[in-house]
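Biologist: Could you take me through one part of this model up close? I'd like to hear about the open sheet and whatever packs on it.

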Amino acid sequence: MLMNGSAAQQDNPHYLQKTEPLHITVLLERMYLDGEISQEVVHETCWSLENFWTKYDQWQLTDIDESKMVFRKKIDDISPLLKANGYFGITDEGVLTIFNGRPDRLRIIQSFFQLDIKKLESKKQEELLQGIPIKTKDRYVEVLETFKHYSKKEMQEN
């Protein structure tokens, strides 16, 4: 006796189950070297959990509940904000600081350490007052390394 497709399907209980995709809200957090964290919300329609996990295998799962998953990834670069508009400068108190745009005490992004202003050459002081554009990770590291030697803490240790 030959069974047509529908009769064969009835003998297989898995075939009768209606398969619905999972709808998952995914929050992707990117952590940059400068401390900036960007967030992106992605709405996933997941037919295969294996494919889902493969898609995010370079991310670290940091939180999960019934409706969303939070993944985090450390990015070995400075944030897009710094590349576009970040400047190293100095506050009125002598603290090496990153500003959103040219130095202005109202637009501080991140502060680092107190500088011994008396030890800075006048050219370096002027650069900081005008603002040193960041643009790249290499420039970010270079400026921090240069001015680290003028930090008051560094001076006390030497």
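Modeller: Quick bit of vocabulary before we start: axes here are lines fitted to C-alpha atoms, for helices over the stretch in contact, and angles run from 0 to 180 degrees between N-to-C directions. Bear in mind too that this is a predicted model.

Okay, the sheet. It's an open one of 4 strands, ordered E7-E6-E5-E8, and the pairing is antiparallel. Strand E7 (108-114) and strand E8 (132-133) sit at the edges with a single partner strand each, so each has one side left without a neighbour in the sheet. E6 and E7 are joined in the antiparallel sense by 4 bridges, and Ile-98 stands opposite Gln-110 in E7.

Now the helices. Helix H5 (residues 122-130) lies across E5, E6 and E8, and runs at about 130° to E5. H6 packs on the sheet as well, touching E5, E6, E7 and E8, with its direction at about 30° to that of E7.

That brings us to the largest nonpolar core, which has 16 residues; Phe-88, Leu-96, Tyr-140 and Phe-147 are among those with the most contacts inside it. Strand E5 (86-90), strand E6 (95-100) and helix H6 (137-148) are the elements giving it two or more residues, and H6 supplies the largest share, 4 residues.

Have a look at Tyr-140: beyond its neighbours within four places in sequence, its contacts include Phe-88, Ile-98, Gln-110, Phe-112 and Ile-134. As for Phe-147, this residue is buried, and so is Tyr-150. The two form a tilted aromatic pair, 6.2 Å centre to centre with 50° between the planes.

Note on methods
Residues numbered from 1 in each chain as written. Predicted model: local features only at pLDDT ≥ 70, side-chain atom pairs only at ≥ 80, totals over all residues. Heavy atoms only, no water. Core = buried A, V, L, I, M, F, W, Y, C linked by side-chain atoms within 4.5 Å. Buried < 20%, exposed > 50% of the residue type's maximum accessible area, 1.4 Å probe, protein only. Contact = heavy atoms within 4.5 Å. Phe/Tyr/Trp six-rings, centres within 6.5 Å; stacked < 30°, edge-to-face > 60°. Pairing = 2+ DSSP bridges.
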